[in-house]
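Biologist: I would like a close look at one part of this model, with the cut-offs stated as you go. Please start from a single side chain and work outwards.

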Amino acid sequence: MLPASSPRTQASAAERLSRSLALGGTLALFVLCLAWETWLAPTGRGTLAVKALPLLLPLAGLWRYRLYTYRWVSLFVWLYAAEGLVRMGAEPGIGRWLAVGEAGLSVLIFVGCSMQVRQRLRAAKTA
């Protein structure tokens with residue numbers, strides 16, 4: 001156990017797990033969106049692939065355990081969840097399953113970010 005005056009330098013196992021969920025989910029959602037709009041079931045000329053680019057912005061902050069990044073990603077990811085839910089009802093065939101994947105990965109990212117924020121705030125409160 002660390003003394004009260006010593007700052008924490010290592011993430012706990014639960015914090016590493018929540019970071020892995022958020023970071024892995026964000027990377028997977030990026031790949032899914034890019035593959036969906038360029039190769040698997042493109043809409044139009046594939047210009048909707050641009051929607052994957054904002055998912056690259058939080059990667060460095062998620063990797064470095066930046067609490068602020070986890071907070072805004074937990075809100076930002078609901079845009080992808082909403083798109084997945086809308087396209088789930090509108091897309092035929094493989095597009096529907098890709099939309100299910102997008103919505104599912106969005107929820108996974110939200111859970112990972114929420115866990116990280118709660119764990120970090122709880123750890124700061126006890127320190």
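Is Lys51 buried or exposed, and what is its relative accessible area?

Modeller: Lys51 is buried, with a relative accessible area of 13%. Here buried means under 20% relative accessible area, exposed means over 50%, and partly exposed is what lies in between, with a 1.4 Å probe and protein chains only. This is a predicted model, in which local features need pLDDT of at least 70 and side-chain atom pairs count only at pLDDT 80 or more, while totals for chains, interfaces and linings use all residues. Residues are numbered from 1 along each chain as its sequence is written, and side-chain values use heavy atoms, with hydrogens and water left out.

The setting comes next. The chain has 5 helices and 0 strands, where helices (H or I, at least four residues) and strands (E, at least two) are DSSP runs numbered from the N terminus. Read along the sequence, the pattern is α-α-α-α-α. The C-alpha trace spans about 60 × 25 × 20 Å along its principal axes. Of the chain's 127 residues, 40% count as buried.

Lys51 has two salt-bridge partners to consider. Side chains of opposite charge can pair when their charged atoms come close. The criterion for a salt bridge is a side-chain nitrogen of Lys or Arg within 4 Å of a carboxyl oxygen of Asp or Glu, and the structure holds 6 of them. One of these joins the side chains of Glu37 and Lys51, at 3.3 Å from N to O. This pair links distant parts of the chain, with Glu37 in helix α1 and Lys51 in the loop between α1 and α2, 14 residues apart. Glu37 is buried as well, at a relative accessible area of 0%.

On the other side, Lys51 meets Glu102 in a salt bridge with an N to O distance of 3.8 Å. That contact again links distant parts of the chain: Lys51 is in the loop between α1 and α2, Glu102 is in helix α5, and the two are 51 residues apart. Both Lys51 and Glu102 are buried. The network goes further, since salt bridges that share partners join Glu37, Lys51, Glu83, Arg87, Glu91 and Glu102 into one network. Within that set, the side chains of Glu91 and Arg87 meet in a salt bridge of 2.9 Å, N to O. Arg87 and Glu91 are both buried.

Glu37 and Glu102 bring in the helices that hold them. Two packed helices are described by the angle between their axes and the distance between the axes. The axes used here are lines fitted to C-alpha atoms, for helices over the stretch in contact, and angles run from 0 to 180 degrees between N-to-C directions. The axes of α1 (residues 13-40) and α5 (residues 94-126) come within 8 Å and cross at roughly 155 degrees. That makes α1 roughly antiparallel to α5; angles under 35 degrees count as roughly parallel, over 145 as roughly antiparallel, 65 to 115 as roughly perpendicular and the rest as oblique. The crossing of α1 and α5 is left-handed, meaning that the near helix is turned anticlockwise from the far one by less than a right angle, whereas clockwise would be right-handed.

Glu102 also serves as a reference point for α1. Ala28, which lies in helix α1, is 74 residues from Glu102 in sequence and 9.2 Å from it in space, C-alpha to C-alpha. In contrast to buried Glu102, Ala28 counts as partly exposed, at 33% relative accessibility.

Helix α5 has a further neighbour in α3 (67-76). The axes of α3 and α5 come within 9 Å and cross at roughly 140 degrees, and the two helices are therefore oblique to each other. The α3 and α5 crossing is left-handed.

Back in the loop of Lys51, Thr47 also has its place between α1 and α2. Thr47 counts as exposed, at 54% relative accessibility, whereas Lys51 is buried. Thr47 and Val31 are 16 residues apart in sequence and 15 Å apart in space, C-alpha to C-alpha.

One more residue of α1 belongs here. Leu40 is found in that helix and is partly exposed, with a relative accessible area of 32%.
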